[in-house]
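Please look over the sequence and the 3D structure shown here before reading on. The briefing afterwards moves from the whole chain to a few chosen places within it.

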Amino acid sequence: MPVIFKRKREAMGLTAIVSELEEAVATRDGDRTGRAFTAMVNSVQSAPDTERVLAGPRLAALLPAFPPTGPRPMLAMAAGFCVEHGADPVDCAEPILGGVHQDLLDALEFARRWTSTCATENELPEPDEKIIDDALLARLGGDRQEAVRLALAWCSVEEWQPPALAVLCRSTEVRRRHASAILPACRELASLERHDLKCLAYALAVLDDEPLVVLHRPTRTGFEVRIGGIGDNFQLHTLLAHVLVGGGHVPGTVPSAESVRLATDPEPAQGRSQAIATGTFELLTADGERIWNEGLPDDIPVVEGHRLLVLDEPTYQRSWNADRFFPHLPGTAELSRVLTPDETRNWFARTSSGDGIHRAS
């Protein structure tokens, strides 16, 4: 490369570099694409947010044009980084989450082919590109290029989490459009216990504008609460205590204003806070099984078309750091209405003992 051109390219802004990358991809010029891609990766870290806002959707739109055996996760991370700095998550979501979904499916196909060759599930290899050799590709069978694609998906699927979280945690619309289609594959792959996909699975399972029937066993009262954007049941626990105890509907300890702020404020905490939240309830299913704070609202079973949660006296005192699971995703919980005594009795009749809940052991 001529020195003059190299210096000119190094002086280009992110917008011009993205244009160069688009032209290189469109003309299928591999060498030019590689140079522009490297320049983009180096530039996106230091570019002003005004350029990142414009670059994010353009970088995301290039994902389908990149070969599946190429650096697509890195391109997705660059687009996700732009979203973190102001690019529209809706405009970036479809290509990013399409790539996530395809790599999840390809990783599952890798596992299926691997285990079909007389190996047990526990023998699935670690997701490290060092495992990709001729023996592995022969074991997968079929077309060699396809085998490489499946093996790379197995190794790189976790790299899709940051860009996926960037768009999922910043847009209710993105979650509504895409999450339900991707979640089953994510959970199936996570169940193989070779990938840490907890954050992706939790983000895909976030409930938005979800009605929740809540029964408070000690006072025999019932409520309909509408929740959204809650990342885990620690956050749900705090917000239910805020709505029901803080609203004077049930007895208990009102959560601190700081713990509620950390659960609901659109602005994320800057680093880890020292705020502590204290457990007010035992969270139970209609069958009396404990719902763990470490879980998520999607764990609450649906009973006759409604998610039904029973609150009981806590079996022991517990507390936790009040920071939310997803810093960029504020939660909401609003009391829609207090159930009438007849409605409450009818809902309690749907619990395991007919007239109330059996406490979890």
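The points below take up the chain as a whole, then a group of strands, and then two serine residues. Please keep in mind throughout that this is a predicted model. The protein chain has 361 residues, of which 49% are buried, and its secondary structure comes to 14 helices and 8 strands.

**The chain as a whole**

- Measured out along its principal axes, the C-alpha trace of the protein chain spans about 80 × 55 × 35 Å.
- About 17000 Å² of the protein chain is exposed, and carbon and sulfur atoms supply 51% of that area.
- Among the contacts in the protein chain with a separation of 6 or more, 74% are accounted for by residues 24 or more positions apart.
- The protein chain carries 36 positive and 52 negative charges, and the mean positions of these two groups are 2 Å apart.

**Strand S2 and its partners**

- Strand S2, which covers residues 221–228, is mostly covered, since 6 of its 8 residues are buried.
- Strand S1 (residues 210–216) pairs with S2 in the antiparallel sense over 7 bridges, and one such pairing links His216 to its bridge partner in S2, Thr221.
- The hairpin of S1 and S2 has 4 residues between the strands, and Arg220 in this hairpin takes a positive phi near 55°.
- S2 is also joined by 6 bridges to strand S8 (residues 332–338), and these two strands run antiparallel; here Arg226 has Glu334 in S8 as its bridge partner.

**Ser273**

- Ser273 is found in the loop that lies between helix H13 (257–264) and strand S3 (276–278).
- Because its relative accessibility is 14%, Ser273 counts as buried.
- Leaving aside residues up to four places away in sequence, Ser273 touches Leu262, Asn321 and Asp323, and with the side chain of Asp323 the side chain of Ser273 makes a polar contact at 2.5 Å.

**Ser116**

- Ser116 lies in a loop as well, the one between helix H6 (89–115) and helix H7 (134–140).
- With a relative accessible area of 49%, Ser116 is partly exposed.
- A polar atom of the Ser116 side chain lies 2.8 Å from the backbone oxygen of Arg113.
- Ser116 and Arg139 are separated by 23 residues in sequence, and their C-alpha atoms are 9.6 Å apart in space.

Notes: Residues are numbered from 1 along each chain as its sequence is written. This is a predicted model: local features need pLDDT of at least 70, side-chain atom pairs count only at pLDDT 80 or more; totals for chains, interfaces and linings use all residues. Side-chain values use heavy atoms; hydrogens and water are left out. Buried means under 20% relative accessible area, exposed over 50%, partly exposed in between (1.4 Å probe, protein chains only). A polar contact is a pair of N or O atoms within 3.5 Å; within protein, one must be able to donate a hydrogen and the other to accept it, and residues adjacent in sequence count only if both atoms are side-chain atoms. Contact means heavy atoms within 4.5 Å. Accessible areas come from the Shrake-Rupley method with a 1.4 Å probe; for residues, only the protein chains shown count as cover. Lys and Arg count as positive and Asp and Glu as negative; His and the chain ends are not counted. The place of a charge is taken as NZ of Lys, CZ of Arg, CG of Asp or CD of Glu. Two strands pair if DSSP finds at least two bridges between them.
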